[in-house]
Amino acid sequence: MSLRFQRLLFILLTLVIILSAVLLILYNTRENVSYFYTPSEIDKSDIIINKIIRIGGFVENNSFNKISSSSFKFKITDEKASILVTFKGILPDLFREGQGAVIEGAFVDKNIFNATNVFAKHDENYMPASIKEDLKDTGYWNKKYK
Amino acid sequence: MAWSDNNDLFWFNSSYKKMNRIIILTPLIILLIICFFSLTYLLSGKDPNKPPSALLNKNVPSFESTSLYDTKEIIRTTDIKNRKTLINFFASWCSPCKIEHPLFFEIGKKYPELYLLGFNHKDPTSDAKKYLEDDGNPYDFVGVDADGLIALEFGVFGLPETYLINEEGKIIFKFMGPITKDVLKNEIEPLL
Amino acid sequence: MSSLVGFLSLVFAIGINFYLFLSRYIFKFQKQKFNLFIRFSSLLTLLSFFSLMYAYVVSDFSNYNVFQNSHSNKPLIYKISGTWGNHEGSMLLWLCILSIFSFFFSFTKNIEDNFQKLTLIIQAFLHILFGLFIVFTSNPFLVNSILVNEGLGLNPILQDPGLAVHPPILYAGYVGYSIVFSIAIAGLFQNTDDEWLYVAKKWSLISWTFLTGGIALGSYWAYYELGWGGWWFWDPVENISLMPWIAGLALVHSLMMVRGEQAIKKWIVFLSILCFSLSVFGTFLVRSGILTSVHSFAADASRGIFILLIFFIVTGFGFLVFLLKEPKKSNALNLLFINKVSALVINNILMIIATLTILLGTIYPIIIEVLYNKRISVGGPYFNSTVIPIMIPGFLLMSIAPILSWQTNKINNSKKYVLAFIILSVLVLIQSYFLDFNTWGFVGLLLGFWIILASIIAIFSSYKIKINIKFFKIINPHVAHIGVGIAIIGITCSSVFQNELDFNLNEGDKFNVNGKTVLFEKIETTNEINFQSLRGKFLFDIEKNQSKEIEAGKNYYPVSKMITSEAGILHQWNKDIYFILGDQKNNEWFVKVLINPFVSFIWLGVIIMIYSGLIAVTRR
C-alpha cells in the first residue's frame, strides 16, 4: 500500500478509537452512576422501583433485626425520616446501631429498600465513652502526673 | 521519510499548526476547570464524610459527683438536662489548664444561661480549693472526680478536656487540650 | 528535643533550597558547590524525618503527632511505620523522598552541567512548595500541650506488615516522577543534546517500577486484610495511583522509541509533566478531604486549599512552559500501517484516553455536586465498562508489537503467527465450551494467552538463545509483556470465573467446596495481648491424609472499639479458596466461601513486570 494510504488508514483508526471511547464514556456516565440521598430527601411519591441508588444516614436505634445469620432488617434514619432496609449477606464490621452507614441498592416497593451493599462509617469525631476496666487494669490511670 | 510533495502538504501544515495550539492549550484549560470546581467545593464547606443532613450525637454518660465545697451537694446527669452545659475536666497540677482558665470567665459572662460544670480530676481537695481561690472559680459547680472514673466514662485521655452538652443531653462538641480564643469563636460559640 | 531537631533541620533544608533557587538569578554557582548544597539539604531533610521516627520509636508523647498516632504498646516495627501512617508524617516522607531523588540525581554523569543544575533548581522549587506546606499546615513537630502518659494511636488496621511497607514504596513512585518533571522542564528551557532522553528514561523506569510495587502491595493488602475477596475496588485512592501508573507506562513506552530513533520529544515532555501533575493532584484529592474513601486522611479545608494551590502552581507552571517553549522540531515520524511506531502511537492514545476516563470518573462527583448540588457516586461498574474496553485494543496491539519492525510495515514470519493465533483461538474456544462460556472470560483468556504466545514465538525466532546477561536484557520487553499476559489471565479468571458459595453451618457440619469435603470444626475465642479473636476453624479436604487447617473470623480490639474481619485463605497455585465467617443466629453460622481461580497469576505477572522494570533501568 502507498505511504499516503497507510497514513490515512492510521488517522482513520485513531479517529474511530477516540470516537468509540467518547461514546462509551458518555453512555456510562448516564447509566452507571448512582445517586445519593438522605432518608428525608426521598420523596415517597418519586420512588422508582429497582433503580440503584445510595442512601446515607445512620442506623436507627432499636431497629436492627437479625432474621437469620445472613439476613437482616434495620432502619436508616437522619432523625427526620427513616427507611426500612433489608439486606442479605455479611454486614461490615463497623456496622451497629447509632453508627453511620451508607447503603446501596434499590426499592423493591414503596416502603422497603433492598440493600446489595452496606458501607459502615468509622466515627472518628467521638472517642468511645466506656473505656472502662481494661484501661484501669493496665494501669494507665494510676501514675501520678507531676 | 517525509510527506509526499503535494498541495495538501500546505493545507495540512497550517491546520496542523492551529490544531497544535489547541492541543497544547487543552491541559491548561482542563487544569483551570479542575481547580475551579475543587476550590468551589472546598470553600462551600461540604463534608463528604457526612451525608448532607445527618448529625451523630451521643448521649452524655451518666455520672454522679460531690461538690468540691460541700460533700452533701451532689450533681447527677439528670441535673443538667434541659439546659446547655459546658463540662471541663481540669486539675491544679495541670499547667495547660491554667492557660485556658481565664476564657471560662469570658464564656460565663457572655452566656449566663450556659451551665459551667468543672470536674476536678485526681486532685487533692485542698490543692484544688487553693487553685480556684488564687485563680478564681468560673464554674457554676465544681464536681470532684478523685479516682478519675468520671473521666473514664467520658473517654478523657488527658487534661484539659472540654465537652458541650445540649438540652437533650447529647454531646455536640468535644475538645482535647486548652481552649483558645479561636476555638471559642469558631467552634463553640456557633453551637451556643 | 527530637522534635526541635526535626523542625529546625526541616526549616533549614527549606532555607537552603530557597537560597539555591534564588542563586539562579543572583549568584552563579559552581557545579561542585551547588551539588554540595543540594546534598546537604537532602541530608538535613533526612535528619528531620529520622527525628520524627526517633520520637515514635521512643514514644515521645510530647510530640503531638506521636501522641495522636502512636502507643507504647505497639510493636517496634509499627512504631516505625507509624511515622508515615498519618498525614503529617507521610508528607514529611514525601518531602524526604523528593530530596533523596535530588541527591541521587546530583551524581548523574553524561549530562551537561548546566542542564543538571537547572533540573536540580526545579527540584529545589518543588522542595520549597512542599516544605512550606508542611511547615504551615502539616507540621509533625507540634508540641503536645496536654500532659499525657500514653498515646491515642492503637488503630489495629494500621498494624500490618503490608500496610507498613506500602507507603514508602508507593511514594517513591509518585515522587520519582518529580525528577522526570524537572528533567523535562529543564529540557524545555535549555535545548540540550538528546542525551537527556536516556536520563529521563532511566528515572521514569525507576519511578514506574516503584509505583507498580506500591500499587501491588496495596492491592495484595486489600485482598487478604479487608476480607471481601477483592483486590481492586475502583476506590478514589486506588484510581489516583492508577492514573500516573498508566501515564507513566505511556511515557516509558514513548521513551523506548528513542532507541528506534523516533523520539517525539514534545509528547515525551508532555507526558513527563502529566505524570507528576497526576501525582500532585492525587495528593490533593486524598488529603483535602474532598473525596471519601476507605483510607482518606481527616479533612481540613485550609490544607486542601494549600495543596490545591501547589497543584495549580506546579501543573500550571509545567504546562505554561510547555506552551511557551515548545521543544524543537524532531524528525517526522515514520508512520506506517502497521509498524512499531504507529503501534506505539496508538498505544499512547489509548493510555491517555484510559487515564482521562479514570480522571473523569474520579472527579465527576465533585463537578456534579458543585453544579447541581446532587450527591452521586461513581463506582466499579462505570470504570469496568469504560476503562477495560478501552484497554483491550491496547492489549491486542501488545501481542503483535514484538514482531513489528521499526522501519517497514512487513512482519517477519507472519504466517507462523497467524497459524499460532488460529490454533490458540480454537483451543480457548473449546475450553470455554466445556466450562462456563462467558464473553469477557473468552476475550480475556484469549488475549492473555495470545500475548504470552506471541512474545515467546518472538523470542525464539528472533534471537539466539544464550544464557547470559546480554540475552536477558535483549528479551526484556518480551518478558515484560509475558508478565502482563500472565496477569491478564489471572485477572480474568479470578473475576469472571469467581465462584461464591454460601453456607449456614452448625459446629461439626461438613460441606462441599469444589468437590472437596470441608469440616466446620468449631468456633474458638481466644484472648491475645490487645485483642480478642473469634475464629471458625475449618479442616479442608478431610478425605486426604493431610487436611489443611483454615481459620476465619474476627478480631475485636477493646481499646479502640474496632472489629476487623480476618479471612482464611487457602492458597493454591491455580486458585485461592477464601473463607469468610459471617454472623450467627441460634448457633448457626453464615459462612461464605469464594473460589478465586488463578489469583496467584496476578501476583506472578506483577512480579515479572517489576523484574522487567529493574532490568530495563540497567539498559541504555
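## Chain C, its partner chain A, and the domains

Chain C falls into domain 1 (1–155), domain 2 (399–493) and domain 3 (499–600), according to the domain assignment. The model is predicted. In chain C, the C-alpha centres of domain 1 and domain 2 are 46 Å apart.

**Domains in the other chains**

Chains A and B are also split by the assignment. Chain A has domain 1 (1–32) and domain 2 (35–120). Chain B has domain 1 (8–48) and domain 2 (58–191). The table lists the separations between domain centres, taken over C-alpha atoms.

| Chain | Domain pair | Distance between centres |
|---|---|---|
| Chain A | domain 1 and domain 2 | 42 Å |
| Chain B | domain 1 and domain 2 | 55 Å |
| Chain C | domain 1 and domain 2 | 46 Å |

**Overall build of chain C**

Chain C holds 18 helices and 10 strands. Its radius of gyration is 26 Å, and the globule rule gives 25 Å for 620 residues, so chain C is as compact as a globular protein of that length. Along the principal axes, the C-alpha atoms of chain C fill a box of roughly 80 × 80 × 55 Å.

**A helix pair in chain C**

Two packed helices are described by the angle between their axes and the distance between the axes. Helix α6 (residues 113–137) and helix α11 (residues 301–324) of chain C are such a case: their axes come within 11 Å and cross at roughly 175°. An angle over 145 degrees counts as roughly antiparallel. Therefore α6(C) and α11(C) are roughly antiparallel to each other.

Which residues of α6(C) make the contact? They are Leu126(C), Leu129(C), Phe130(C), Phe133(C) and Thr137(C). From α11(C) come Ser302(C), Arg303(C), Phe306(C), Ile307(C), Ile310(C), Ile313(C) and Val314(C). By class, this contact has 9 nonpolar, 2 polar and 1 charged residues.

**The open sheet of chain C**

Four strands of chain C form an open sheet in the order β2-β10-β9-β8, with antiparallel pairing. β2 and β8 (568–571) stand at the edges of this sheet. Each has a single partner strand, so one side of each is left without a neighbour in the sheet. Neighbouring strands are turned by 20° against each other on average, direction ignored.

At the β8 edge, 4 bridges join β8(C) to β9(C), and the two strands run antiparallel. Here Leu570(C) stands opposite Ile577(C) of β9(C).

**Where chain C meets chain A**

How many residues of chain C are in contact with chain A? There are 47, and they touch 34 residues of chain A. Several elements of chain C give two or more residues to this side. The helices are α12 (340–372) and α13 (380–400). The strands are β1 (375–378), β2 (499–505), β7 (562–566), β9 (575–585) and β10 (588–597). α12(C) gives the most, with 8 residues. By class, the side of chain C that touches chain A has 24 nonpolar, 13 polar and 10 charged residues.

The sheet strands β2, β9 and β10 of chain C are thus also among the elements that touch chain A.

Strand pairing also links the two chains. Strand β1 (residues 33–37) of chain A is joined to β1(C) by 4 bridges, and these strands run antiparallel. Val33(A) has Val378(C) as its bridge partner in β1(C).

Note on methods
Residues numbered from 1 in each chain as written. Chains lettered and ligands numbered in written order. Predicted model: local features only at pLDDT ≥ 70, side-chain atom pairs only at ≥ 80, totals over all residues. Domains from an automatic or database assignment. Contact = placed C-beta atoms within 7 Å. Nonpolar A, V, L, I, M, F, W, Y, C, P; charged D, E, K, R; others polar. Pairing = 2+ DSSP bridges. Axes fitted to C-alpha atoms, helices over the stretch in contact; angles between N-to-C directions. Parallel < 35°, antiparallel > 145°, perpendicular 65-115°, else oblique. Rg over C-alpha atoms; globule rule 2.2 N^0.38 Å.
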